[in-house]
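Here is a short tour of one protein chain, written for someone who would like to find their way around it. Please keep the structure open while you read.

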Amino acid sequence: MGFREHAAPVRRILGIVLGLLLIGGVLYVVAFQGQDHPETTATKTVRGVIGSEKSEFFRDPDVVKALAAKGYTVKTETSGSWAMDQLALKEFDFAFPSSSEPAKEVAAAAGLKGAQETKPFFSPLVVIARPGAAKVLADNGLAKMTGTHSGTLLMGPFLTASGEDRTWQQLPGSAAHAELTGTVFIKTTDPSSSNSGALFLAATSNVANGNTVVADDAGIARTAPLMRKLISVQGALEPSTDDPFRAFISGSGEPLILVYESQVASLLMQKQDPGDMVVLYPDTTVNSAHTFVPLTERARELGTLLATDPRLRELAVLRGFRPQEGVAEFTAATAPHTAYLNTGLTGIRQVGTPTVKILMALAQRAKGQGDTP
């Protein structure tokens, strides 16, 4: 065999060896890069059902990255908080309603006893208003302005006006604002399925019940007629706060809309244009403590992570939520936006909620679906 004939097989063998070394090197880099930077790889996929007001939080690329750094890929779909217990909960690893009351119903429906619920953050309810509407309310003693874009809704006088079926035209000064017509009301969500609508009834029924939580059939009977007026005047009810809020921002929708403070704060901190918005904090309110319910072992630690991880707490604040025991965090982050936000909740009376049974009875009566609890 000549030199050329001998060299060809040698080159082929060397080529094969070099190719194997190259492949091995690539595999080594991939494997060990993952070990050196575990934050780049999420190892556990969990599915959850959440209130719509948390959709933007879980879609935030920074939140996705922060969760991946802790080993989670989180996939979500939305539902009214009070309707979650009616879902096929076996399809989810966690539920994340907007308050603790529906969380109890979810845990019971899932057959869980002693579920390790976590409340990572909360948000007060607010009423967003057009400037003309806010001015007319303030001029007629139904609200008090604290700035150009902020104020307090005086629940007692407002509910008195609602009970009398007061129209905008009956309020002096409304003629200057052509958009203010018909009965004065706050657009809410469906109180039988959505948390914000249910908590609106909790707060308003408290005021109507002599500043006392409704706790029995007599209390339901006393407050149900007014609750019915507050809800029936709205016509079709929304399933979540997301659509009414977006409609308001786009320049359409009703002049008074109930939303979560987090939706307003998130808009401001994401440097989006709030338009001609005035934020009215009801002087009597129920805070919405977003409650994480793990339904499978896979999601057991996720709620704690959302509550305690510094990066995730920071991102929750940037989406407008108030972390539990995080007053300083929220105040610092929202300092540039105090023209709209009452960061210290000054002058706001926070009240308790009725039991689930009482609250759902109020919701049914408010929708005209029964005269007994």
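The report below goes from the overall picture to two pockets, some helices and a few single residues.

## The overall picture

Please bear in mind that this is a predicted model. The protein has 373 residues, and 49% of them count as buried. Along the chain you will find 14 helices and 13 strands.

How much of the contact in the protein comes from residues 24 or more positions apart? Counting contacts with a separation of 6 or more, such pairs account for 77%.

## The largest pocket

A good place to start looking is the largest pocket, which holds about 310 Å³ of space. Its lining is made up of 19 residues, and those nearest the centre are Glu56, Asp242, Phe245, Arg246 and Gln263. Three helices, α2 (55-59), α9 (242-249) and α10 (261-269), each supply at least two residues of this lining.

What is the chemical character of the lining? Seven of its residues are polar, seven are charged and five are nonpolar.

## The second largest pocket

The second largest pocket contains about 190 Å³ of space. Here 14 residues form the lining, with Thr146, Gly151, Thr152, Asn342 and Thr346 nearest the centre. Strand β7 (residues 150-153) gives the most to this lining, supplying three residues.

By class, the lining of the second largest pocket has eight polar residues, four nonpolar ones and two charged ones.

## Helix α10 and the loop after it

Helix α10, one of the helices that supply the lining of the largest pocket, deserves a visit of its own. Is α10 enclosed or open to the outside? Nine of its nine residues are buried, so the helix is largely enclosed by the rest of the structure. Among these buried residues are Glu261, Ser262 and Gln263, together with Val264, Leu267 and Met269. Gln263 also belongs to the group of residues nearest the centre of the largest pocket.

Just after α10 comes lysine 271, found in the loop between α10 and β9 (278-282). Lysine 271 has a phi near 60°, a positive value in a residue other than glycine. With a relative accessibility of 77%, lysine 271 counts as exposed, whereas the residues of α10 are buried.

## Another positive phi

Glutamate 325 also has a positive phi, in this case near 55°, and is again a residue other than glycine. You can find glutamate 325 in the loop between β12 (322-323) and α13 (327-333). Glutamate 325 counts as exposed, because its relative accessibility is 81% and the cut-off for exposed is over 50%.

## Where α6 meets α7

Now turn to helix α6 (residues 155-163) and helix α7 (residues 195-208), which pack at an angle of about 90° with their axes 10 Å apart. That angle makes α6 roughly perpendicular to α7. On the α6 side, the contact is made by Met155, Gly156 and Leu159, and on the α7 side by Ala203, Thr204 and Val207. Four of the residues in this contact are nonpolar, two are polar and none is charged.

## A closer look at serine 100

The last stop is serine 100, which lies in helix α4 (residues 100-109). Is serine 100 buried or exposed? Its relative accessible area is 11%, and since buried means under 20%, serine 100 counts as buried. Leaving aside residues up to four places away in sequence, serine 100 touches Lys119, Ala289 and Thr291.

Technical notes
Residues are numbered from 1 along each chain as its sequence is written. This is a predicted model: local features need pLDDT of at least 70, side-chain atom pairs count only at pLDDT 80 or more; totals for chains, interfaces and linings use all residues. Side-chain values use heavy atoms; hydrogens and water are left out. Axes are lines fitted to C-alpha atoms, for helices over the stretch in contact, and angles run from 0 to 180 degrees between N-to-C directions. Helices (H or I, at least four residues) and strands (E, at least two) are DSSP runs, numbered from the N terminus. Angles under 35 degrees count as roughly parallel, over 145 as roughly antiparallel, 65 to 115 as roughly perpendicular and the rest as oblique. Contact means heavy atoms within 4.5 Å. Ala, Val, Leu, Ile, Met, Phe, Trp, Tyr, Cys and Pro count as nonpolar, Asp, Glu, Lys and Arg as charged, and the others, Gly among them, as polar. On a 1 Å grid over the protein atoms alone, a cavity is a set of points where a 1.4 Å probe fits but cannot get out, and a pocket is an open set with protein on both sides within 12 Å along at least five of seven lines; lining residues have an atom within 4 Å of a point. Grid points are joined across faces, edges and corners, and a volume is the space filled by probe spheres set on the points. Buried means under 20% relative accessible area, exposed over 50%, partly exposed in between (1.4 Å probe, protein chains only).
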